[in-house]
Amino acid sequence: MKEAYLDSPLGTLLIKGDQEGLVCVTFLDEKIPQSEKIPKELQDVVSQLEQYFTGNLKDFNLKLNLQGTDFQKKVWLQLARIPFGKTTSYLQMAKDLGDGKVIRAAASANGKNPIAIIIPCHRVIGSDHSMTGYAGGIWRKKWLLEHESPVTQQMLF
């Protein structure tokens, strides 16, 4: 398993993967210098994340190697379908999975998403549009949603 560290506007990201695909993108609370040499297996991931943060990429095109239960993988693949700049609720996500009663299980799987940003679990909010929990911290979720917002604030003066 190869790994790299990426300095981002949200702090250090730990990226793990190999020739089978991307396994993990995790926020770290401690500052770790960006990797000087990025393993070839992760170069495309780093490049696409850098483009995302500069606003030049909306859709990731990466090979994923999801590690989880069948249900978790189903939830994560559903999350990956949420378009850039859009949000959904936990209830709607459960309904999209075929059963509104799996809301708690879907929310739990959402919280265990190992590939932050690329599998956009930050795009899931409460049915009342509240900023619900996020493993990376609510401040990061807020930043990501604002970064993806189709509405940009114009200067008035």
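A residue counts as buried when its relative accessible area is under 20%. With that cut-off in hand, let's work through some exercises on this predicted model.

**Exercise 1. Find out how many disulfides the structure holds, and give the reason for Cys24 and Cys121.**

*Solution.*
Step 1. Recall the chemistry: a disulfide covalently links the sulfur atoms of two cysteines.
Step 2. Apply the distance test, which asks for sulfur atoms within 2.5 Å.
Step 3. Start from Cys24: its closest cysteine sulfur belongs to Cys121 and is 12 Å away, so the two are too far apart for a bond. Starting from Cys121, the closest cysteine sulfur is that of Cys24, again at 12 Å.
Step 4. The count of disulfides is therefore zero.
Step 5. Check the surroundings as well. Cys121 has 8% relative accessibility, so it is buried; Cys24, at 11%, is buried too.

**Exercise 2. Work out the strand order of the three-stranded open sheet, and say which strands stand at its edges.**

*Solution.*
Step 1. Take S1 and S2 to begin with. They pair antiparallel over seven bridges, and one pair to look for is Ala4 with Ile15 in S2. A hairpin with two residues between the strands connects them.
Step 2. Move on to S2 (residues 11-18) and S3, which are antiparallel and joined by seven bridges. Among the partners in S3, Leu22 pairs with Gly17 and Leu28 with Thr12. This hairpin also passes through two residues.
Step 3. Put the pairs together: the order is S1-S2-S3, in an open sheet with antiparallel pairing.
Step 4. Read off the edges. S1 (2-8) and S3 each have a single partner strand, so each has one side without a neighbour in the sheet. From one strand to the next, the twist averages 20 degrees.
Step 5. Look at what covers the sheet. Helix H1 lies across S1, S2 and S3, at about 145 degrees to S2. In S2, six of eight residues are buried.

**Exercise 3. Describe the surroundings of Leu28 and Ser35.**

*Solution.*
Step 1. Place Leu28 in strand S3, residues 21-28. With a relative accessible area of 14%, Leu28 is buried.
Step 2. List its contacts, setting aside residues up to four places away in sequence: Leu28 touches Tyr5, Thr12, Leu14 and Arg140.
Step 3. Compare sequence with space for Leu28 and Gly136. They are 108 residues apart in sequence, while their C-alpha atoms are 8.4 Å apart.
Step 4. Turn to Ser35, in the loop between S3 and helix H1 (43-53). Its relative accessible area of 18% makes Ser35 buried.
Step 5. Beyond neighbours within four places in sequence, Ser35 is in contact with Ala4 and Tyr5. A polar atom of the Ser35 side chain lies 2.7 Å from the backbone nitrogen of Tyr5.

**Exercise 4. Explain how the buried residues of helix H2 are arranged, and name what they pack against.**

*Solution.*
Step 1. Identify the buried residues of H2 (residues 70-79): Gln72, Val75, Trp76, Gln78 and Leu79.
Step 2. Find their directions around the axis. They cover an arc of only 160 degrees, so they lie on the same side of H2.
Step 3. Relate this to helix geometry: an α-helix has 3.6 residues a turn, so residues three or four places apart point the same way.
Step 4. Name the packing partners of these buried residues: helix H3 (90-96), helix H4 (103-111) and strand S5 (124-125).

Methods. Residues numbered from 1 in each chain as written. Predicted model: local features only at pLDDT ≥ 70, side-chain atom pairs only at ≥ 80, totals over all residues. Heavy atoms only, no water. Buried < 20%, exposed > 50% of the residue type's maximum accessible area, 1.4 Å probe, protein only. Helix = DSSP H or I, 4+ residues; strand = E, 2+ residues; numbered from the N terminus. Arc of directions from axis to C-beta. Contact = heavy atoms within 4.5 Å. Polar contact = N/O pair within 3.5 Å; in protein donor to acceptor, adjacent residues only side chain to side chain. Pairing = 2+ DSSP bridges. Axes fitted to C-alpha atoms, helices over the stretch in contact; angles between N-to-C directions.
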